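Please look over the sequence and the coordinates together before reading on. The paragraphs below go from one residue to the elements around it.

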Amino acid sequence: MNMTVDALAARIRSLLPPGVHGTEKRMFGGLAFMTAGNMLLALAKDGSLLVRVGKAGMEDALAVPGASIMDMGGRSMSGFVVLSGNAIEDDDDLRAWIARALAFVATLPAK
């Protein structure tokens, strides 16, 4: 992984509440953060961040500048947004995105 992804991964680790994520797993050509067996966030090799917000959270998430629908091979992935640039530069903004993902994943059964 390049320095951008490594630096973002380190920031995420420092902003996650203690004991929240159980594993990190290589996924989507980057690194995924998992909790209770569910994907929370994933860092792409280009430095963008995939955030799991759930279908019900899509509209609010997409209203934030820098957020877009996740597209995988020409197919939109509902429940996930991709963030880049200013949307994740500030620690408070990144912390808020982490909180959104945590709130959604907390509704899912553990795997």
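**From a loop residue to the sheet and a helix**

In this predicted model, Ser-48 is found in the loop that runs between strand 3 (38–43) and strand 4 (49–52). Its relative accessibility is 9%, and because buried means under 20%, Ser-48 counts as buried. The side chain of Ser-48 is joined to that of Asp-46 by a polar contact of 2.7 Å, and, once neighbours within four places in sequence are left aside, Ser-48 is in contact with Ala-42, Leu-43, Val-82, Leu-83 and Ser-84.

Strands 3 and 4 belong to an open sheet of 6 strands, which follow the order 1-2-3-4-6-5 with antiparallel pairing. Strand 1 (23–27) and strand 5 (67–72) stand at the edges with a single partner strand each, so one side of each has no neighbour in the sheet. On average, and with direction ignored, neighbouring strands of this sheet are turned by 40° against each other. At one edge, strand 1 runs antiparallel to strand 2 (residues 30–35) and is joined to it by 5 bridges; here Met-27 stands opposite Gly-30 in strand 2.

Turning to helix 3 (residues 91–105), its 15 residues should span 21 Å at 1.5 Å a residue, and this agrees with its end C-alpha atoms, which are 21 Å apart. The N-terminal end of helix 3 is capped by Asp-90, a side-chain oxygen of which lies 2.9 Å from the backbone nitrogen of Asp-92. Within helix 3, Leu-94, Trp-97, Ile-98, Ala-101 and Val-105 are buried. Because these residues cover an arc of only 100° around the axis, they lie on the same side of helix 3.

How values were computed
Residues are numbered from 1 along each chain as its sequence is written. This is a predicted model: local features need pLDDT of at least 70, side-chain atom pairs count only at pLDDT 80 or more; totals for chains, interfaces and linings use all residues. Side-chain values use heavy atoms; hydrogens and water are left out. Helices (H or I, at least four residues) and strands (E, at least two) are DSSP runs, numbered from the N terminus. Buried means under 20% relative accessible area, exposed over 50%, partly exposed in between (1.4 Å probe, protein chains only). A polar contact is a pair of N or O atoms within 3.5 Å; within protein, one must be able to donate a hydrogen and the other to accept it, and residues adjacent in sequence count only if both atoms are side-chain atoms. Contact means heavy atoms within 4.5 Å. The expected span of a helix is 1.5 Å times one less than its number of residues. The arc is that of the directions from the helix axis to the C-beta atoms. Two strands pair if DSSP finds at least two bridges between them. Axes are lines fitted to C-alpha atoms, for helices over the stretch in contact, and angles run from 0 to 180 degrees between N-to-C directions.
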